[in-house]
Amino acid sequence: MNDIVIETRGMSRHFGDLKAVDQLDLSITKGSIYGFLGPNGCGKSTSIRMLTGLLSPTEGDIRVLGETLPKNADKLRQRIGYMTQKFSLYQDLSIEENLQFVGRIYNLSAKHLKRRIDELYSLYDLRERRKQFAGTLSGGQRQRLALAAATLHDPDLLFLDEPTSAVDPENRREFWERLFDLCGEGKTILVSTHYMDEAERCHGLAILENGAKRADGSPQELMAQMGVNVVEIEGGTVGAAARGASGGEDLRQLKSQLLQLPAVLSAAQLGTRLRVLVSSDIDAPRSYLQQLLPQQRSMELARPSLEDVFVSCTGGRRGIA
Amino acid sequence: MGSLNRIIALLVKELKQLSRDRVTFGMIVVIPLVQLLLFGYAINTDVRHLPAGLVDHSGSSYGRNLAQTVEATQVVTFVARYDNVYEAEQAITRGDVRAVMVVPRDFSSRLVEYSSAQNSSGISQPEALLARPVAQWLVDGSDTLITAAVNGLRSMPLNELFEQSAPTSAPQVFAVLPYFNPEQRSVVNTAPGLLAIILTMTMVMFTATSLVREREQGNIEFLITTPVHPMELMLGKIVPYVFVGLVQTCIVLALSYWVFSVPINGGLGTVFAVTLLFIMASLVLGLLISTRAQTQMQAMQMTFFLLLPSILLSGFMFPYEGMPRAAQWIAEALPATHFVRTIRGVVLRDAGLLDLTFDIVWLSAFALIGMVIAALRFKKRLD
């Protein structure tokens, strides 16, 4: 099918004994924003580097925009954009000089380049600072410059490696607006993140842990198929509050108690409540929990979030969060 | 066409970055300026005014006269008198003096022997050979240059000691005619050699660190996802520094000519042609380092690893011919050796390109092959 932009079969990359990426199968459709979600060291950057042709896979097949990688990496250069995790433009050049340099490297004609840079100034709100050195820009400005540089040559496919890690929430939201604009123009975007709220904006999502894919699908599908029920238990009984004891102590006790149960996948404190993930093997999770507790607690079923999905399919946070 | 555009883009970027790094930019001018002035004056193989001691047992005014005659050669300056040889030896050990002249008790009679041998020279040689030396030198022989300077005093004429103007000293076996440097000034040989050393230092370091800096600062990861070809990247890195090297060459040659009166006997075109070759070879050497080094620190260390042999083995400091065979082989592998030979040939001896074919071919081949290896080694991959 022509609509598949990225396709991998068993893509793996080993560094010595470490399997940084292990048997990854991907199928990413044109015009979508696809996310890699996972903690640091889960293989997100390594995967992106293989998909951009910077790293050769230890094994597996990769096809990006119809080209076989890493063999035909050179043919791909003009058609992909890559925004690295670390800022990789020149700090001692101004915004204008950086963009001109990138444009010439991509062989844009002088006239076209001038027009394109002008467009990008407006789009990413960089015009006023165009004479400023990149090294003196704020995190948000730098990130907009990096995105402008990665999209300067109008690539069909964009790789963004943790683009918002050094950016405040306000700028993050705006940044995603720009990503949806690009997506609307028919570009495909692959973005890696460890923020749940960002992952939730993606059309498709792969949850990675230790180099392996734990789940794949749209956020809605993932939440629906999670196989877990979410119960929120209200903490701090009236008596406890009257005695002046903090509800926190009480909740921590309850949490360690619940984590003993095999059917409880995770329990995490959220303010004065405890968010408990109960396996869907249990038919009535509320009464299941209630009968185990020494005293009456108010509890209710909650809407699952992506974080719940993440926790349930990686299991990495059990007992830690 | 696209390729040329990319090289120009890289070149413009490199020059902009260089012009913003004030310290580095300043060093381009300061290094050749200061080093040539410093070493032009400092490096001197003519030993003069060695501090010397005097032990005079002669008890006559002849001993003092001898000391004055010796001082007139400017090789030594007597700074102390000692009563006996034991004291003099201790002074040498302490480092107070480098040499001591011991005038013996029977100095007068020895002088007479010497004088008669002189006067009869040419007629009865055996008698001249039998004459005893008039005095003795004790020398701190650890530095062979100093010993050689004092050795030079062995055959100094002593005519001034005898009030009469005696016939000239013993006839010389050889007449020596020093070409190209008739006044025997060290700087004439040092200045063109310094050009090799200064260029080795700056050129190798510039390219060695500049590519590694891009790696350290993460620029490389972006660059290699662009359509840039390794060869374009290498050329973009080299060309700006060729200009830098030529500026430094002009500074060194101008200072040599006007401050140190070093003659530039060869044509300027030839001088710049061979220098350009060496600049290319040095820049390529730096590129080779940069494909190996992971950090700027490593690149600097490798540069210095090369710099010391380039100074000591290239013929800049010591004559190439005097080194053992193995050291000569090592020297042959250094571009600086070939350039020291070439530039001295052109600047001092007005040698033509044809006279220096071997070194010129060697430098060209080094630059070309090195460039290809650097481009091959620089893979557009991270693994």
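In this predicted model, eleven residues of domain 1 of chain A are in contact with eight residues of domain 2 of chain A. Four elements of chain A, namely α7 (196-201), β9 (204-209), β10 (212-217) and α8 (219-224), each contribute at least two residues to the side of domain 1 that touches domain 2. Sorted by class, that side of domain 1 of chain A holds eight nonpolar and three charged residues, with no polar ones. For orientation along the chain, the domain assignment places domain 1 of chain A at 4-91 + 152-223 and domain 2 of chain A at 226-314. Taken over C-alpha atoms, the centres of these two domains of chain A are 35 Å apart.

Chain A also meets chain B. Here, 23 residues of chain A are in contact with 20 residues of chain B. On the side of chain A that touches chain B, β6 (80-83) and α3 (95-105) of chain A each provide at least two residues. Helix α3(A) gives the largest share of that side, with four residues. The class make-up of the side of chain A that touches chain B is eleven nonpolar, six polar and six charged residues. Readers who like to follow an interface by eye may find α3(A) a handy place to begin, given its four residues there.

Turning to chain B, the domain assignment again gives two domains: domain 1 covers 2-43 + 185-377, and domain 2 covers 50-161. The centres of domain 1 and domain 2 of chain B, taken over C-alpha atoms, are separated by 48 Å.

A few elements of chain B can be traced in detail. Strand β1 (residues 50-56) of chain B pairs with strand β2 (residues 76-81) of chain B in the parallel sense, over five bridges. Within this pairing, L54(B) has R81(B) in β2(B) as its bridge partner. Helix α3 (residues 61-72) of chain B joins the two strands, β1(B) and β2(B), in a right-handed β-α-β unit.

As for confidence, the average pLDDT of chain B is 88, and 92% of its residues score at least 70. The model as a whole has an ipTM of 0.80 and a pTM of 0.82.

Note on methods
Residues are numbered from 1 along each chain as its sequence is written. Chains are lettered from A and ligands numbered from 1 in the order in which they are written. This is a predicted model: local features need pLDDT of at least 70, side-chain atom pairs count only at pLDDT 80 or more; totals for chains, interfaces and linings use all residues. Domain bounds come from an automatic or database domain assignment. Two residues are in contact if their C-beta atoms, placed from the backbone, lie within 7 Å. Ala, Val, Leu, Ile, Met, Phe, Trp, Tyr, Cys and Pro count as nonpolar, Asp, Glu, Lys and Arg as charged, and the others, Gly among them, as polar. Two strands pair if DSSP finds at least two bridges between them. A crossover is right-handed if, with the strands pointing away from the viewer, the path from the first strand over the helix to the second runs clockwise. pLDDT is the predictor's confidence in each residue, from 0 to 100.
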